[in-house]
Amino acid sequence: VLRQPKFSPDGRQIVFRIQDTDKNMAGYRTKPGIYRISALGGAAQFVAPGDDAPQFSPDGTRIYFSTVDYSGSSAVTRLQSVTLDGLDQRLHAQTPDADTRELRISPDLHWLAFRDRQQYYVAPYHETGAPLTVSAAADAMPVARLTDAGGYALTWTEDSSTLVWALGPQIFRAKAAERFEGGAPLPKSGESVGLQLAADVPAGSIAFTHGRIISRRGDEVIDSGTLVVIGNRIAAIGPSSQ
């Protein structure tokens, strides 16, 4: 399954990832990892193994992405980059444990956002020649909080000024610089997506018979029971003999 396509700065190439094979999503004939392809089409070129958020560097000469290492006692997320041909691998930042993840570097490489214990944070980013350990409690960098209710699908605007994420039916935004200048309050409300779709409710009735049912009526257990469903609601539960 193809995920997270991203154009190069000049618009001539697209980088994307193919996720690991999954029994629900298939993909067993593909090699997971990071790929790039001409925006005009053609054959895709495998770049490197990778698990999340591929993007080009501002000059278009490198590809940044995240990998997750499960070999230790806790999963560690690493922000890496390689050349367009998958060479000269560099490690830029990493998390201390599985509670910190979703490393999102800005398109201009000046900011780094991440999730730590279900909340989003952002920090200024500078190349130092050594990998940066990223967490909300890190002493090596200033960190500003973005959320107090969590969220998902964190991403940057193309000008690297603003972070965008979703929470329920709303889209939230926060300017990275404002989180450090004067202590701007956390965004409490977002823009409603306004998407409404009919629920997929099956028609008709179905009976599941002769099963062992824990009815939740006190300690009642029905050893040979029938459960009747009408639409998508349980309508009746009782012994199959009845």
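Glu102 sits in strand S9, which covers residues 100-105. Keep in mind that this is a predicted model, then look at the backbone there: Glu102 has a positive phi of about 55 degrees, even though it is not a glycine. That is worth a second glance, since most residues other than glycine have a negative phi. Glu102 also counts as buried, because its relative accessibility is 13% and the cut-off for buried is under 20%.

A second spot of this kind turns up further along the chain. Ala153 is another residue other than glycine with a positive phi, in this case near 60 degrees. Ala153 belongs to strand S14, made of residues 152-156.

Both of those strands come back when you turn to the pockets. S9 and S14 each supply at least two residues of the lining of the largest pocket, and so do strand S1 (2-7) and strand S5 (52-56). The largest share comes from S14, with 4 residues. In total the lining has 13 residues, and the ones nearest the pocket centre are Lys6, Ala53, Arg104, Leu154 and Thr155. If you sort the lining by class, you get 8 nonpolar, 3 polar and 2 charged residues. The volume of this largest pocket is about 230 Å³.

Now for the second largest pocket, with about 190 Å³ of space. S1 and S5 show up here as well, each giving at least two residues to the lining. Lys6 is among the lining residues, just as Lys6 is among those nearest the centre of the largest pocket. With Lys6 on the list for the second largest pocket come Phe7, Ser8 and Pro9, then Gln55, Phe56, Ser57 and Pro58, and finally Pro107 and Glu158. The class split for this lining is 5 nonpolar, 3 polar and 2 charged.

Next, follow S14 into its sheet. In general, strands of a sheet pair through backbone hydrogen bonds, either parallel or antiparallel. Here 4 strands make an open sheet in the order S14-S15-S16-S17, and the pairing is antiparallel. S14 and strand S17 (191-192) are the edge strands, because each of them pairs on one side only. So the strand that gives the largest pocket its largest share of lining residues is also an edge of this sheet. At the other edge, S17 is joined to strand S16 (residues 170-175) by 2 bridges, and the two run antiparallel. For a concrete contact, pick out Ile171, whose bridge partner in S17 is Glu191.

For another antiparallel pair, go to strand S18 (residues 205-214) and strand S19 (residues 221-230), which pair over 7 bridges. The two form a hairpin with 6 residues between them. Ile214 stands opposite Val221 of S19. In the turn, Arg216 has a positive phi of about 70 degrees, so Arg216 joins Glu102 and Ala153 as a place to check the backbone, given that most residues other than glycine have a negative phi.

One last stop is Phe114, in strand S10 (residues 111-116). Is Phe114 buried or exposed? Phe114 counts as buried, because its relative accessibility is 0%. You can also compare its position with that of Ala136: the two residues are 22 apart along the chain, and their C-alpha atoms are separated by 8.8 Å.

Key. Residues numbered from 1 in each chain as written. Predicted model: local features only at pLDDT ≥ 70, side-chain atom pairs only at ≥ 80, totals over all residues. Heavy atoms only, no water. Buried < 20%, exposed > 50% of the residue type's maximum accessible area, 1.4 Å probe, protein only. 1 Å grid on protein atoms, 1.4 Å probe; cavity = no way out; pocket = protein on both sides within 12 Å on 5 of 7 lines; lining within 4 Å. Points joined across faces, edges and corners; volume = space filled by probe spheres on them. Nonpolar A, V, L, I, M, F, W, Y, C, P; charged D, E, K, R; others polar. Pairing = 2+ DSSP bridges.
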